[in-house]
Amino acid sequence: METRVNQIKLNGLTFQYRESGEPSAPPIVALHALGKDSESWDQVAAKLGEKYRVLALDQRGHGGSARTSTYTFELMCNDLLQFANAMNLERFTLIGHSMGGTVSYLFSEAFPSRIERLIVEDTPPPFLDKPIEIPAQPSDPLPFDWLVVPSILRQLNEPSPEWWVRLTDIIMPTLIIGGGSSHMPQNKLQEVSELIPNCQLVTIEDAGHFVHDANLPAFLAAVKSFLKS
């Protein structure tokens with residue numbers, strides 16, 4: 001299936017996104033992990049694009065999107081709102097992984113009427129745990145803006161309690177896909193699934209944090225079954 005790479009201006013900043021499927025098909029927006037970009041969804045989009053219009057966005061600081069002076073989950077959430085409005089997406093299904101998963105929770109809490117269904121891959125909202133040490137910047141060039149890393153890690157180290165309190169505001173059907181053998185505590189995914197009113201948790205054992213890379217068939221089977229339900 002052909003993937004079209006496009007650019008769009010949002011709030012004066014250039015964002016790049018990849019589109020698969022028919023423009024008239026039901027829309028799905030996909031958000032990638034920290035350090036990745038929209039291309040990380042290509043294999044998923046190739047299959048889902050048979051029935052859906054899949055729009056994978058390069059979040060700020062990543063891929064072909066603008067490098068900015070500040071990076072927060074809230075700014076990325078607003079980028080998504082601007083993107084959905086610019087693409088005339090009244091309601092859409094949202095898929096998020098890792099950093100993109102946190103953005104997806106925040107967006108679904110703030111704008112529940114815009115989301116048809118929510119799918120989050122191996123991600124709870126950030127929670128208080130032992131502090132993550134902020135690594136030194138690598139000397140090699142990176143495909144994303146390094147400034148994202150300390151910015152996002154600071155938020156992970158000081159998460160807003162609101163992010164968990166407002167999980168009960170996520171009223172749309174929700175699917176959480178856990179990777180089993182992941183560095184993400186799977187009991188936290190269970191906690192999230194119990195706080196969101198209409199949520200199911202599917203664990204794909206031994207897939208790790210990058211479930212859709214490690215076991216694409218199982219990931220797609222879970223997603224397709226949920227979208228049909």
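A salt bridge here is a side-chain nitrogen of Lys or Arg within 4 Å of a carboxyl oxygen of Asp or Glu. With that in hand, welcome to a set of close-up views of a predicted model.

**View 1. Arg18 and Asp42 are joined by a salt bridge.** Their closest N and O atoms are 2.8 Å apart. The contact brings together distant parts of the chain, with Arg18 in strand E2 and Asp42 in helix H1 (residues 42-48), 24 residues apart. The two partners have their own surroundings: Arg18 counts as buried at 15% relative accessibility, while Asp42 is partly exposed, with a relative accessible area of 22%. Across the structure, the count comes to seven salt bridges, and the next two views show others from that set.

**View 2. Arg60 meets Asp79 in a salt bridge.** Here the N to O distance is 2.7 Å. Arg60 belongs to the loop between strand E4 (53-57) and H2, and Asp79 to helix H2, so to speak a link between distant parts of the chain, 19 residues apart. Buried or exposed, what is the setting of Arg60? Arg60 is buried, with a relative accessible area of 6%. Asp79 counts as buried too, at 5% relative accessibility.

**View 3. Arg166 pairs with Asp169, and a network links Arg4, Glu19 and Arg53.** The side chains of Arg166 and Asp169 form a salt bridge with an N to O distance of 3.0 Å. Arg166 is partly exposed at 29% relative accessibility, and Asp169 is partly exposed with a relative accessible area of 31%. In the other part of this view, salt bridges connect Arg4, Glu19 and Arg53 into a network.

**View 4. Tyr17 and Phe83 form an aromatic pair.** A search of the whole structure finds four aromatic pairs. In this one, the ring centres of Tyr17 and Phe83 are 5.2 Å apart and the planes meet at 65 degrees; because an angle over 60 counts as edge-to-face, the pair is described that way. Tyr17 sits in strand E2 (residues 13-20) and Phe83 in helix H2 (residues 73-86), so the pair ties together parts that are 66 residues apart in sequence. Tyr17 counts as buried at 7% relative accessibility, and Phe83 is buried with a relative accessible area of 0%.

**View 5. Phe73 and Trp163 form an edge-to-face pair.** Their ring centres lie 5.7 Å apart, with the planes at 85 degrees. Which helices does this pair tie together? Phe73 lies in helix H2 and Trp163 in helix H5 (residues 162-165), so the pair ties together parts that are 90 residues apart in sequence. Both Phe73 and Trp163 are buried.

**View 6. Phe92, Phe107 and Phe111 make up a ring cluster.** Take a moment to find these three residues together: ring pairs link Phe92, Phe107 and Phe111.

**View 7. Two lysines place their charged ends over aromatic rings.** The charged end of Lys36 sits over the ring of Phe210, at 5.1 Å from the ring centre. Lys188 likewise has its charged end over a ring, that of Trp164, with 5.4 Å to the centre.

How values were computed. Residues numbered from 1 in each chain as written. Predicted model: local features only at pLDDT ≥ 70, side-chain atom pairs only at ≥ 80, totals over all residues. Heavy atoms only, no water. Phe/Tyr/Trp six-rings, centres within 6.5 Å; stacked < 30°, edge-to-face > 60°. Helix = DSSP H or I, 4+ residues; strand = E, 2+ residues; numbered from the N terminus. Buried < 20%, exposed > 50% of the residue type's maximum accessible area, 1.4 Å probe, protein only. Lys NZ or Arg CZ within 6 Å of the ring centre and 35° of its normal.
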